[in-house]
Amino acid sequence: MRHIEDYPGIKWGGHNINNLRYADGTVLIAENESDSQKLLDVVYSESQKKGLELNSKKTEVMVISRKANSLPVNVTVNKNKLTQRENFKYLGTLISSDGRSDTEIQARMAQAKATFQKMKSILTNPYVSIQTRKRVLERYIEPILMYGSETWTITNKFKKKLEAVEMWFLRRMLKIPWTAKKTNERVLQEPQSKRSLLDKIRKRQATFFGHIMRQEKLENLVITGMMMSRRCRGKQRERLTDGMAKWLVMGSVVAMLQKTKMCQEWRRLIANAMEQGT
């Protein structure tokens, strides 16, 4: 990997980023097809010199773009064309070609529901107190749902979906059918509960965000650095930092970034936001 350090990737905050690595999970990053091919050729040839083989069947390519349909790309390894994907899983998280978190959130909700069904005999058992069942839900189901949520950008559409899946769990635990026509407020009153899933996600995001901002490493650069490109026309997408600033009731993202440097103050802001609720 040292042989590709000077090859072009993407310019961010004055730095060149052309790869991400974690254990044996490697991602090569470039702005166009030709730069991608150059990076891959160097990795392939240098790997062969060390007696390592690059498996073309396990290597995939993806174009990340705001456009609805991804541009076709032709990148090869040893004359074998790589499969182009609309999304791929990296470190347990789905990365989508549109750059959004929607596919990953949808997949996490589906996995959490499937696990709930497997544990249905406990979670819907009327002989087990609702408080105990809620603790089981928090320890076994919610972690599946919230895995990787520190990086989600949650749109208004998916805020509603996350609130809906939280009520889906509670209604089944209380065995309340849709034919009962009970409002969510009435359902929440029965176990003396309140909606908390979105706040838990926001807390995880804010805690992780404060940590990476104080570390001042690659993640900090990606958040604070400017990308060397032109902004697209039309309404700009909501960013992770925008949603976090609203939840923490900060006047601006810049003011929020300044608060992250003060650990105790940052914790106090998170605690206050948890008390107020989403």
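Trainee: How many salt bridges does a search of the whole structure find?
Mentor: This is a predicted model, in which local features need pLDDT of at least 70 and side-chain atom pairs count only at pLDDT 80 or more, while totals for chains, interfaces and linings use all residues. Residues are numbered from 1 along each chain as its sequence is written, and side-chain values use heavy atoms, with hydrogens and water left out. A salt bridge here is a side-chain nitrogen of Lys or Arg within 4 Å of a carboxyl oxygen of Asp or Glu, and the search of the whole structure gives a total of 12.

Trainee: Which residue forms a salt bridge with Lys 49?
Mentor: The partner lies 3 residues apart from Lys 49 in helix H1 (residues 33-49), a separation of about one helical turn; helices (H or I, at least four residues) are DSSP runs, numbered from the N terminus. The closest N and O atoms of the pair are 3.2 Å apart, and the partner is Glu 46.

Trainee: Is Glu 46 buried or exposed?
Mentor: The terms rest on relative accessible area, where buried means under 20%, exposed over 50%, and partly exposed in between (1.4 Å probe, protein chains only). Lys 49 is exposed at 60%, whereas Glu 46, with a relative accessible area of 16%, is buried.

Trainee: How far apart are the closest N and O atoms of Glu 142 and Lys 200?
Mentor: Glu 142 counts as buried at 8% relative accessibility, while Lys 200 is partly exposed at 21%. Glu 142 and Lys 200 form a salt bridge, and their closest N and O atoms are separated by 2.8 Å. 

Trainee: Which residues do salt bridges with shared partners join into one network with Glu 142?
Mentor: Glu 142 lies in helix H4 and Lys 200 in helix H7, so their salt bridge ties together parts that are 58 residues apart in sequence. Through shared partners, Glu 142 is joined into one network with Glu 138, Arg 139 and Lys 200.

Trainee: At what angle do H7 and helix H9 pack?
Mentor: Two packed helices are described by the angle between their axes and the distance between the axes. Axes are lines fitted to C-alpha atoms, for helices over the stretch in contact (heavy atoms within 4.5 Å), and angles run from 0 to 180 degrees between N-to-C directions. For H7 and helix H9 (residues 240-247), the axes are 11 Å apart, and the packing angle is about 110 degrees.

Methods:
Helices (H or I, at least four residues) and strands (E, at least two) are DSSP runs, numbered from the N terminus.
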